[in-house]
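Here are some notes to read alongside the model, set out as numbered points. They begin with charge pairs and then move through the helices and a few single residues.

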Amino acid sequence: MPLTPGSFTFTPARPSLERCITDPVPSSIVMGLLMAGLNVGSGAPLNGATFGGAIGGIYAYHVLQCPMEQVHGRRSSLHNAVSGGTLGGLAVARGMAGVPFVPPNVVYGGRLAPVWWGAGVYGALGFAFATMSGKGV
């Protein structure tokens, strides 16, 4: 059967696995260095773990979104929320990050485990930044 106009549907190009792995590298390095510099300025030790953790965390945040984009065929702020919430919850559970914007007596004194506070706050931050940058839901 020959192809004629209207005989097929156009689907937006999905990111390839190679692009998912390589595209976030430059921005992860730049933003990771910036975040690590802020952490060092706030009293964190000046070592490879500080810089590697910041760069690796931002890289993981971007790479986690790729499978969701593959499955849904589009970019979404919800992907950012899931990535941020997953990594934020893990970081809080492992003691690698605190929970910003929530008083410690609420995070550690309530019935809800700190990991859920971390997942909620970091997921909300990912969603907010993605939405403000123009990503749709």
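1. A salt bridge is taken here as a side-chain nitrogen of Lys or Arg within 4 Å of a carboxyl oxygen of Asp or Glu. With that criterion, a search of the whole structure, which is a predicted model, finds 2 salt bridges. Side chains of opposite charge can pair when their charged atoms come close. One of the pairs joins R19 to D23, with the closest N and O atoms 3.0 Å apart; R19 is partly exposed at 48% relative accessibility, and D23 is likewise classed as partly exposed, with a relative accessible area of 42%.

2. The other pair is made by the side chains of E69 and R75, for which the N to O distance is 3.6 Å. How do the two partners stand with respect to the surface, buried or exposed? E69 counts as buried, because its relative accessibility is 10% and the cut-off for buried is under 20%, whereas R75 counts as exposed at 55%.

3. For the overall architecture, the protein contains 6 helices and 0 strands, so that reading along the sequence gives the pattern α-α-α-α-α-α. Of its 137 residues, 26% count as buried. The exposed area of the protein is about 9000 Å², and carbon and sulfur atoms supply 70% of that area. Among contacts between residues at least 6 apart in sequence, 57% join residues at least 24 apart.

4. Helix 2 covers residues 24–41, and its 18 residues should span 26 Å at 1.5 Å a residue; the end C-alpha atoms are 25 Å apart, which agrees with that expectation. Which residues of helix 2 are buried? They are P24, S28, G32 and A36. These buried residues cover an arc of only 80° around the axis, and therefore lie on the same side of helix 2. An α-helix has 3.6 residues a turn, so residues three or four places apart point the same way. The buried residues of helix 2 pack against helix 1 (17–22) and helix 3 (48–72).

5. The face of helix 2 turned away from its buried side carries the exposed residues P26, V30, L38 and G41. Two of these names, V30 and L38, return in a nonpolar surface patch of about 390 Å², which is made by V30, M31, L34 and L38. M31 belongs to helix 2 and is partly exposed, with a relative accessible area of 39%. Just after helix 2, G43 takes a positive phi of about 115°.

6. Helix 4 has 17 residues and reaches 24 Å from its first C-alpha to its last, close to the 24 Å expected at 1.5 Å a residue. Its buried residues are S77, H79, N80, A81, S83, G84, G85, G88, G89, A91 and V92. Against which helices do the buried residues of helix 4 pack? They pack against helix 3 and helix 6 (114–132).

7. Two buried residues of helix 4 deserve a separate look. S83, found in helix 4, counts as buried because its relative accessibility is 1%, and the threshold for that class is under 20%. Leaving aside its neighbours within four places in sequence, S83 is in contact with Y61, L64, Q65 and M68.

8. G85 also lies in helix 4 (residues 77–93) and counts as buried at 11% relative accessibility. With its neighbours within four places in sequence left aside, G85 is in contact with A119, Y122 and G123. G85 and L125 are 40 residues apart in sequence, yet their C-alpha atoms are 8.6 Å apart in space.

9. A last point concerns the backbone at F101, which is placed in the loop between helix 4 and helix 5 (104–109). The phi of F101 is near 70°, a positive value in a residue other than glycine. F101 counts as exposed because its relative accessible area is 73%, and exposed means over 50%.

Methods:
Residues are numbered from 1 along each chain as its sequence is written. Side-chain values use heavy atoms; hydrogens and water are left out. Helices (H or I, at least four residues) and strands (E, at least two) are DSSP runs, numbered from the N terminus. The expected span of a helix is 1.5 Å times one less than its number of residues. Buried means under 20% relative accessible area, exposed over 50%, partly exposed in between (1.4 Å probe, protein chains only). The arc is that of the directions from the helix axis to the C-beta atoms. Contact means heavy atoms within 4.5 Å. Patches are made of residues with over 30% relative accessible area and no salt bridge: like charges are joined within 9 Å, nonpolar side chains (Val, Leu, Ile, Met, Phe, Trp, Tyr) within 5 Å. Accessible areas come from the Shrake-Rupley method with a 1.4 Å probe; for residues, only the protein chains shown count as cover.
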